[in-house]
Amino acid sequence: MLDIERRDFFDVIGSRRSVRYFKPWKPVEPEKLEAVLQAARIASHMGNANAVQAIVFTDKETKEKLKPVVSTFNVAIIDMAPVILIWFIERDAWYKEIADHLIELYHVGAVNPSHGWSAEFIDKSARPRLTSFPTEAVDFMLSCESGMAMAQAQLTAVALGLGVCSFAGVGPKISEVFGLPDHCRFVWGMAIGYPAEDPLTGGQRKRKPFEKIFSRGKYGNPMHSDPKAVEMLKQLNMLQGEAHLTPQRLEEINAISKMMGLPERTD
Ligand SMILES: Cc1cc2nc3c(=O)[nH]c(=O)nc-3n(C[C@H](O)[C@H](O)[C@H](O)COP(=O)(O)O)c2cc1C
């Protein structure tokens, strides 16, 4: 069994970056890959719908089929990453199975009469209501569910010393390449491998200020962050310094690009 070095939760959250340079020669151990997938499997799911799925592959031949149906800036990522995941949602899990999953939640005491749940309510009220939602609404909700699963997968990869980058692609064409049936919809791709760049990439990528993102009580009423809490989160390594294009970072990017036969940065 692999000897996994346990990492602190706050440090993992703070050390996650989108890694875009991987060591193609270093495969991901099967146990680590399974850990990443299991993390997605046990993520929170709407009504426990279990509608998120992924196709997993490592071979060059499938990569070649994928490359023409992703944005051009994702091709190098796919070339370098030893593992690719194609995340998709399965609408049938919602329309055909959600009521059964809710009943299971009822049977294990997760949802209870204290909150208005009963087997009859699930069967006579929740089932017809949930299964009457239009596909656009279901896709929207399940995209959120897939985001939760992907986030858990990504953080687990980071905890295991791996790097991850999500990537977009042309949905219908990706469905064609991977044979997804009509009731399934591609969400995002994910590249995983050992980072060839410093996994901390010179700092956390800039975000909008806290008060521009969070409002207190109503829209547009900025909520302010607490300097003491910020200091605590810095101590925990969850908040880290912001990334800049330093001469060292530029040198790193160009050295890796050169090694991988990719264009170097000259601006
Ligand atoms: C759903 C999703 C899709 C993304 N798609 C791409 C992509 O197609 N190509 C890419 O290079 N990065 C992609 N990213 C990574 C973002 O660009 C990245 O998260 C953002 O620049 C912030 O950097 P950080 O992840 O290192 O904090 C995606 C991220 C998310 C969450």
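These exercises work through the fold of a predicted model.

**Exercise 1. Overall make-up**

Task: State how many helices and strands the protein has, and give the span of its C-alpha trace.

Solution:
- Start with secondary structure. The protein holds 12 helices and four strands.
- Turn to extent. The C-alpha trace spans about 65 × 50 × 45 Å along its principal axes.
- Add burial. Of the 267 residues, 37% are buried.
- Check the contacts with a separation of 6 or more. Residues 24 or more positions apart account for 80% of them.

**Exercise 2. Surface and charge**

Task: Find what share of the exposed area carbon and sulfur atoms supply, and how far apart the mean positions of the positive and negative charges are.

Solution:
- Take the area. The protein exposes about 15,700 Å².
- Split it by atom type. Carbon and sulfur atoms supply 57%.
- Count charges. There are 32 positive and 33 negative ones.
- Compare their mean positions. These lie 6 Å apart.

**Exercise 3. The sheet**

Task: Determine the strand order of the sheet and name its edge strands.

Solution:
- Recall the principle. Strands of a sheet pair through backbone hydrogen bonds, either parallel or antiparallel.
- Read the order. It is S1-S2-S4-S3, in an open sheet with antiparallel pairing.
- Pick the edges. Strand S1 (52–57) and strand S3 (163–167) each pair on one side only.
- Get the twist. Neighbouring strands are turned by 25° against each other on average, direction ignored.
- Look for a packing helix. Helix H2 (residues 30–41) packs on the sheet and touches S1, S2 and S4. The direction of H2 makes about 20° with that of S2.

**Exercise 4. Strand S2 and its partners**

Task: Work out how many bridges join S2 to S4 and how many join S1 to S2, then find which residues stand opposite each other.

Solution:
- Take S4 first. Eight bridges join S2 (residues 83–90) to S4 (residues 184–193).
- Name the pairs. Ile-89 stands opposite Arg-185 in S4. Ile-84 stands opposite Ala-191 in S4.
- Now take S1. Six bridges join S1 to S2, again antiparallel.
- Name a pair here too. Gln-53 stands opposite Phe-88 in S2.

**Exercise 5. Burial of S2**

Task: Sort the residues of S2 by the way they point, and explain why S2 counts as largely enclosed.

Solution:
- List one side. Val-83, Leu-85, Trp-87 and Ile-89 point one way from S2.
- List the other. Ile-84, Ile-86, Phe-88 and Glu-90 point the other way.
- Check burial. Eight of the eight residues of S2 are buried, so the strand is largely enclosed by the rest of the structure.

**Exercise 6. Two helix residues**

Task: Decide whether Ser-15 and Lys-228 are buried or exposed.

Solution:
- Place Ser-15. Ser-15 lies in helix H1 (residues 9–15).
- Apply the cut-off. Buried means under 20% relative accessible area. Ser-15 has 7%, so Ser-15 counts as buried.
- List its neighbours, leaving out residues up to four places away in sequence. Ser-15 touches Arg-7, Val-158, Pro-199, Leu-200 and Gln-240.
- Place Lys-228. Lys-228 is found in helix H11 (residues 227–235).
- Apply the other cut-off. Exposed means over 50%. Lys-228 has a relative accessible area of 66%, so Lys-228 is exposed.
- Add a distance. Lys-228 and Lys-63 are 165 residues apart in sequence and 47 Å apart in space, C-alpha to C-alpha.

Methods: Residues are numbered from 1 along each chain as its sequence is written. This is a predicted model: local features need pLDDT of at least 70, side-chain atom pairs count only at pLDDT 80 or more; totals for chains, interfaces and linings use all residues. Side-chain values use heavy atoms; hydrogens and water are left out. Helices (H or I, at least four residues) and strands (E, at least two) are DSSP runs, numbered from the N terminus. Buried means under 20% relative accessible area, exposed over 50%, partly exposed in between (1.4 Å probe, protein chains only). Contact means heavy atoms within 4.5 Å. Accessible areas come from the Shrake-Rupley method with a 1.4 Å probe; for residues, only the protein chains shown count as cover. Lys and Arg count as positive and Asp and Glu as negative; His and the chain ends are not counted. The place of a charge is taken as NZ of Lys, CZ of Arg, CG of Asp or CD of Glu. Two strands pair if DSSP finds at least two bridges between them. Axes are lines fitted to C-alpha atoms, for helices over the stretch in contact, and angles run from 0 to 180 degrees between N-to-C directions.
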